[in-house]
Amino acid sequence: MDRLNLSELLIPAKERINFEDKIGLVLSGGGARGAYQIGVWKALKDCGIEIGGVYGTSVGALNSMAVAMDKFEDARELWLKIDFDKIVIDGTDGSLIEKAIGALKSGGFDPAPLRKNFGRLLKEEDVRKAVVDIGIVTYSLSNMEPRELFIEDIPKGELEDYILASANHPVFKREQIGLEKFIDGGIYRNIPVNMALGRGFKEIIIVDLGPKRIRDVLTLASLKRLEEVKHLVIKPREFYGDVLDFDPEVSRDFMKEGYLDCLSELGYLAGEEYYVFAKQDTIAKALFTMPEKKRKEAKAIFGIEPWQSESTYHFYYGQLVPVLQNHFGTTSPLETWVVLLDKLAGLMELEKLELFSLQTLIERITSAVRSSIENIEYNDISCQRVMSFLEFLINNSNMKDLEDQEFKKFEDGFSSLTRLE
């Protein structure tokens, strides 16, 4: 897939990271939050970013195998059907915390279901033949030492064992390989970016699900000082579940968020709380392409009479936008509209895990109940007038036809992400 052109995106070029070569992908541990990484992976695919190596800890190690084999659909379906019973054997009652405490007292949950379900995905021969480099982290309790293992370091026939050793959460029974017992690699290093650096990658994307160890913090801090290495950290804006909340709905939310956060960090989406595809000011284009009569009606919403001489251009760039920019402290019309719509969507408590264009976000906002904005003003412009203006544009212009074709591509990718046949 061709890489998409970022040259016209909202994020300024000096603040944007353009990945040109194959990247090193680093996947942290995070338990049930691992579905987020599948969303990120889908976004990377849709952006045409190729993965040259993948390095994971715990659930990141599990997901790294799917990445190496390029089994996106299998991994996606596994996460969308996962629940607690597909991870561990547990016959107890009570809350998740009570179950975990009980498991620790009895020696830990039996992760046999995880081995069974993961085993359906993992094909060791395919992993070893993969063109994608692989590395995982686990920790030997028997020898009290970490094991940072590349694929060639893992004996043939033992790949599944070592992957499950990396993902051996402290509430599980210990994973044993030969005479050694292992525990989750996250107790030593949750973000193995050092493995990507060790393999020579100069372009690295890190998916950080938390928590971080002190060595993770120090490694990420040192990474910022390596001018020759481009790197991007992608992490959830919100957490929709804890590390043991294995549930299809939790997975679905994390997967959506991973997709949207990745596109946002790459510069395709704007918005602090909401995810808005905004490459161009379609509000201005919609206004300027309306017939003269309609433009006069649009200006009349703000009290400008038909006999007054203000041109539509002067009204928009000389009056409306400057007032809004001054209120929001923004520097361009497009940024101003994104900030305004983002705040309005928050006031109206719209669903956050959606992909919006300017047009679709305006439609959702203008169709919502407006009682929450009755007394809001932007300097001397009432929010109600701005809302009426936007609604007028939606109903009387070709705004939908002005949307960029790239939005449709991402919209299709997002809508298919959590769909089960």
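Let's start with one small pairing: valine 276 has phenylalanine 356, in strand 11, as its bridge partner. What you're looking at is a predicted model, and this pair is a handy way into it.

Zoom out a little from that pair. Strand 10 covers residues 275-277, and 3 bridges join it to strand 11, with the two strands running parallel. If bridges are new to you, here's the background: strands of a sheet pair through backbone hydrogen bonds, either parallel or antiparallel. Strands 10 and 11 belong to an open sheet of 3 strands, in the order 9-10-11, and the pairing in that sheet is mixed. Which strands sit at the edges? They are strand 9 (269-270) and strand 11 (355-357), each of which pairs on one side only.

Now look for the helix that goes with this sheet. Helix 10 lies across strand 9, strand 10 and strand 11, and runs at about 50° to strand 10. Helix 10 is worth following for a while, as it also meets other helices.

Before we do that, a bit of vocabulary. Two packed helices are described by the angle between their axes and the distance between the axes. Take helix 1 (residues 35-46) and helix 10 (residues 248-266): their axes come within 6 Å and cross at roughly 40°. That crossing angle makes helix 1 oblique to helix 10. The crossing is right-handed. By class, the contact of helix 1 with helix 10 has 12 nonpolar, 3 polar and 4 charged residues. On the helix 1 side, the residues that meet helix 10 include Ala35, Ile38, Val40 and Leu44. On the helix 10 side, Ser251, Phe254, Met255 and Tyr259 are among the residues taking part.

Let's pause on one of those. Serine 251 has its place in helix 10. Is serine 251 buried or exposed? Its relative accessibility is 1%, so serine 251 counts as buried. Leaving aside residues up to four places away in sequence, serine 251 touches Ala35, Trp79 and Ile82.

Helix 10 has another helix to meet: helix 17 (residues 405-417). The axes of helix 10 and helix 17 come within 9 Å and cross at roughly 160°. Because of that angle, helix 10 is roughly antiparallel to helix 17. Here too the crossing is right-handed. Met255, Lys256, Tyr259, Leu260 and Leu263 in helix 10 meet Phe410, Gly413, Phe414 and Leu417 in helix 17. Sorted by class, this contact has 7 nonpolar, 1 polar and 1 charged residues. Notice that Met255, Tyr259 and Leu263 of helix 10 meet residues of helix 17, and these three also take part in the contact with helix 1.

Next, let's visit the loops, where the backbone does a few unusual things. Some background helps: most residues other than glycine have a negative phi, and most peptide bonds are trans. Where might you look for a cis peptide bond? Try the bond from glycine 210 to proline 211, which is cis, with omega near -5°. Proline 211 lies in the loop between strand 7 (203-207) and helix 9 (214-223).

As for phi, aspartate 70 has a positive value of about 60° although it is not a glycine. You'll find aspartate 70 in the loop between helix 2 (59-69) and helix 3 (72-81). Glutamate 349 isn't a glycine either, yet its phi is positive too, at about 55°. Glutamate 349 lies in the loop between helix 14 (333-347) and strand 11, which brings us back to the strand we began with. At 70% relative accessibility, glutamate 349 counts as exposed.

One more loop stop: glycine 303, between helix 12 (292-300) and helix 13 (312-328). With 41% relative accessibility, glycine 303 counts as partly exposed. Glycine 303 and threonine 219 are 84 residues apart in sequence, and their C-alpha atoms are 58 Å apart in space.

Finally, step back and take in the whole chain. How many helices and strands does the protein chain have? Its secondary structure comes to 17 helices and 13 strands. The C-alpha trace spans about 90 × 50 × 40 Å along its principal axes. Of the 421 residues in the protein chain, 54% are buried. And among contacts between residues at least 6 apart in sequence, 75% join residues at least 24 apart.

Terms used:
Residues numbered from 1 in each chain as written. Predicted model: local features only at pLDDT ≥ 70, side-chain atom pairs only at ≥ 80, totals over all residues. Heavy atoms only, no water. Axes fitted to C-alpha atoms, helices over the stretch in contact; angles between N-to-C directions. Helix = DSSP H or I, 4+ residues; strand = E, 2+ residues; numbered from the N terminus. Parallel < 35°, antiparallel > 145°, perpendicular 65-115°, else oblique. Left-handed = near helix turned anticlockwise from the far one by under 90°. Contact = heavy atoms within 4.5 Å. Nonpolar A, V, L, I, M, F, W, Y, C, P; charged D, E, K, R; others polar. Pairing = 2+ DSSP bridges. Buried < 20%, exposed > 50% of the residue type's maximum accessible area, 1.4 Å probe, protein only.
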